[in-house]
Amino acid sequence: MIGRLNHVAIAVKDLAAATALYRDTLGAKVSQPLPQPEHGVTVVFVELPNTKVELLEPLGADSPVGKFIERNPDGGIHHICYEVDDIIAARDRLKETGARVLGNGEPRIGAHGKPVIFLHPKDFTGTLVELEQA
Ligand code: CO
């Protein structure tokens with residue numbers, strides 16, 4: 001069911017420092033910071049030949065990434081995103097297995113303008129999983 005790895009998202013406390021690390025130390029191509037207030041983050045996209053890394057810095061008081069940074073002050077992998085051909089079919093299949101879809105269970109528009117859902121980390125080996133319509 002899942003297809004390509006769309007991105008790995010890494011929560012960071014200092015986006016400028018993390019961007020410099022990826023650009024200067026690791027030699028990666030990085031985007032300008034993109035504030036996404038509706039998701040409570042500012043994002044920098046790290047473009048790799050086969051996938052992307054997204055550096056997420058908390059934005060606003062009740063950012064979900066802010067809570068993650070409180071628990072993980074050094075930052076860390078926040079979620080991993082796989083592509084699916086049909087987000088509704090994928091959601092329904094997962095719900096049948098008992099997997100928990102976060103929020104109200106309906107896909108919402110994610111960081112790339114495509115429908116996404118998030119799956120409970122306790123159901124997926126301790127990892128928050130995002131599924132994005134391909
Ligand atoms: Co994501």
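Helices (at least four residues) and strands (at least two) are DSSP runs, numbered from the N terminus. Read that way, the elements of this protein chain run β-α-β-β-β-β-α-β-α-β-β-β from the N terminus on. That makes three helices and nine strands. Keep in mind that what you're looking at is a predicted model.

**The overall build**

Let's start with the whole chain. Its C-alpha atoms fill a box of roughly 45 × 35 × 25 Å, taken along the principal axes. How does the radius of gyration fit with a compact globule? A compact globule with 134 residues would come out near 14 Å, and this chain has 15 Å, so the two agree. Of the 134 residues, 41% count as buried.

Leucine 56 gives you a single residue to look at, and you'll find it in strand S5. Is leucine 56 buried or exposed? Its relative accessible area is 4%, and buried means under 20%, so leucine 56 is buried. Now find glycine 76 as well: leucine 56 and glycine 76 are 20 residues apart in sequence, and their C-alpha atoms are 10.0 Å apart in space.

**How some strands pair up**

Strand S6 is a good one to follow, and here are two of its pairings. S1 and S6 run antiparallel and are joined by six bridges. Across that pairing, leucine 5 stands opposite tyrosine 82 in S6. S6 and S9, on the other hand, run parallel, with five bridges joining them. There, isoleucine 80 has valine 129 in S9 as its bridge partner.

**The cobalt site**

Next, look for the cobalt ion. Which protein residues are its donors? They are His7 and His79, each through NE2, and Glu130 through OE, and they lie 2.0 to 2.1 Å from the ion. Along the chain, the donors follow the spacing H-x71-H-x50-E. Histidine 7 in strand S1 (residues 5–11) and glutamate 130 in strand S9 (residues 129–133) are 123 residues apart, so this pair links distant parts of the chain. Both histidine 7 and glutamate 130 are buried.

**Two pockets**

Where is empty space left? Rolling a probe the size of a water molecule over the atoms shows that. Here are the two largest pockets side by side.

| Pocket | Space | Lining | Classes in the lining |
|---|---|---|---|
| Largest pocket | about 450 Å³ | 24 residues | twelve nonpolar, eight polar, four charged |
| Second largest pocket | about 260 Å³ | 13 residues | six nonpolar, five polar, two charged |

In the largest pocket, the lining residues nearest the centre are His39, Pro64, Arg108, Phe118 and Glu130. You've already met Glu130 as one of the cobalt donors. The elements giving two or more residues to this lining are strands S4 (41–47), S5 (52–58), S6 (76–84) and S8 (115–119), together with helix H2 (64–71). Which element gives the most to this lining? That's S8, with three residues.

For the second largest pocket, the residues nearest the centre are Phe68, Arg71, His78, Pro121 and Leu128. The elements that give two or more residues to its lining are H2 and S6. Here H2 gives the most, with four residues. H2 and S6 are also among the elements listed for the largest pocket, so try finding them in the model and tracing both linings from there.

Definitions and conventions:
Residues are numbered from 1 along each chain as its sequence is written. This is a predicted model: local features need pLDDT of at least 70, side-chain atom pairs count only at pLDDT 80 or more; totals for chains, interfaces and linings use all residues. Side-chain values use heavy atoms; hydrogens and water are left out. Donors are N, O and S atoms within 2.8 Å of the metal (3.2 Å for Na, K and Ca); water is not among the atoms, so sites may look incomplete. Buried means under 20% relative accessible area, exposed over 50%, partly exposed in between (1.4 Å probe, protein chains only). On a 1 Å grid over the protein atoms alone, a cavity is a set of points where a 1.4 Å probe fits but cannot get out, and a pocket is an open set with protein on both sides within 12 Å along at least five of seven lines; lining residues have an atom within 4 Å of a point. Grid points are joined across faces, edges and corners, and a volume is the space filled by probe spheres set on the points. Ala, Val, Leu, Ile, Met, Phe, Trp, Tyr, Cys and Pro count as nonpolar, Asp, Glu, Lys and Arg as charged, and the others, Gly among them, as polar. Two strands pair if DSSP finds at least two bridges between them. The radius of gyration is taken over C-alpha atoms; the globule rule is 2.2 Å times the number of residues to the power 0.38.
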